[in-house]
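Me: I have a model open in my viewer and would like to learn how to read its features. Could you walk me through a few of them?

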Amino acid sequence: MQDEKKQLFDNSKAIIRRRIMTTRDSLPASTRALAEKAIAQYLQTWLLRYQPAVLAAYWPIRSEADCRDWLLQTLHSGIKVVLPVVEQRNSALVFRQWHGETLSERDLAGLPAPIQGQIHKPEAILLPCVAFNAQGYRLGYGGGYYDRTLALLSGVRTAGVAFSLQETEFAPDAHDIALHSVITEFAISNF
């Protein structure tokens, strides 16, 4: 019976992911551009409040909110920006410094990443979301990389980055860790 419940729950998360990604994919370019500009303004507010010396961010894939222009400004302000790298399957992420270049190499998961260089421990992490809920939990793509990473990093401030249309209801798993904040084009929500 327990396995059946888990399978049903996993299926519902898969349905949520497909629904949200389809909606996110269909955002008109003009709406997306305005939303990303607003997200960048809220990211700047968040950054000034927490002032991490080492900020982990993400390289956008699929139709995730693209904050690379803001990241370049952040980088030029003297903050060290690091990006996630998958070095081993079913393991935690490592974070390597990004110097503002276009990423031409791919990590083990096939994602653009800075493959070479020193590994850094971030003081704050911006995480992409497939979906998020009103309690500050996020759904990613289902690989568990951020779940495993956050479980190892205590004291790190976390913020999900998403479009407001990605908010939906779902029950978190026992291993899920709530984010400290979610940043959308309309607000910074703290939990």
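Reply: Gladly! One term comes up straight away: a residue is called buried when its relative accessible area is under 20%, and exposed when that value is over 50%. Keep in mind that this is a predicted model.

Me: Let's try that on a helix. Which residues of helix α4 are buried?

Reply: In α4, which spans residues 145-152, the buried ones are Y145, Y146, T149 and L150. Their arc around the axis is only 120°, so they lie on the same side of α4. Turn to the face pointing away from that buried side and you find the exposed residues A151 and L152.

Me: And what do the buried residues of α4 pack against?

Reply: Their partners are strands: β2 (80-85), β3, β4 (124-128), β6 (138-139) and β7 (157-161).

Me: β3 is on that list. How many of its residues are buried?

Reply: Four of the five, which leaves β3 mostly covered. β3 also runs antiparallel to β2, with five bridges joining the two strands. As a landmark, look for L83, which stands opposite R96 of β3.

Me: Now aromatic rings, please. How do I read a pair of them?

Reply: A pair of aromatic rings is described by the distance of the centres and the angle of the planes. There are two aromatic pairs in this structure. In one of them, W59 and W98 meet edge-to-face, with 5.9 Å centre to centre and 75° between the planes. W59 belongs to the loop between β1 (54-56) and α3 (68-76), while W98 is in strand β3 (residues 94-98), so this pair ties together parts that are 39 residues apart in sequence.

Me: Are W59 and W98 buried or exposed?

Reply: Both W59 and W98 are buried. W59 has another neighbour too: R68 lies over its face, 4.7 Å from the ring centre.

Me: Which ring has the charged end of R148 over it?

Reply: That is the ring of Y145, and the distance to its centre is 4.9 Å. Y145 and R148 are also both touched by N90, leaving aside residues up to four places away in sequence.

Me: Where is N90 placed?

Reply: Look in the loop between β2 and β3. N90 has a relative accessibility of 63%, so it counts as exposed. For a sense of distance, the C-alpha atoms of N90 and D66 are 26 Å apart, with these positions 24 residues apart along the chain numbering.

How values were computed. Residues are numbered from 1 along each chain as its sequence is written. This is a predicted model: local features need pLDDT of at least 70, side-chain atom pairs count only at pLDDT 80 or more; totals for chains, interfaces and linings use all residues. Side-chain values use heavy atoms; hydrogens and water are left out. Rings of Phe, Tyr and Trp (its six-membered ring) pair if their centres lie within 6.5 Å; planes under 30 degrees apart count as stacked, over 60 as edge-to-face and the rest as tilted. Buried means under 20% relative accessible area, exposed over 50%, partly exposed in between (1.4 Å probe, protein chains only). A charge sits over a ring if NZ of Lys or CZ of Arg is within 6 Å of the ring centre and within 35 degrees of the ring normal. The arc is that of the directions from the helix axis to the C-beta atoms. Contact means heavy atoms within 4.5 Å. Two strands pair if DSSP finds at least two bridges between them.
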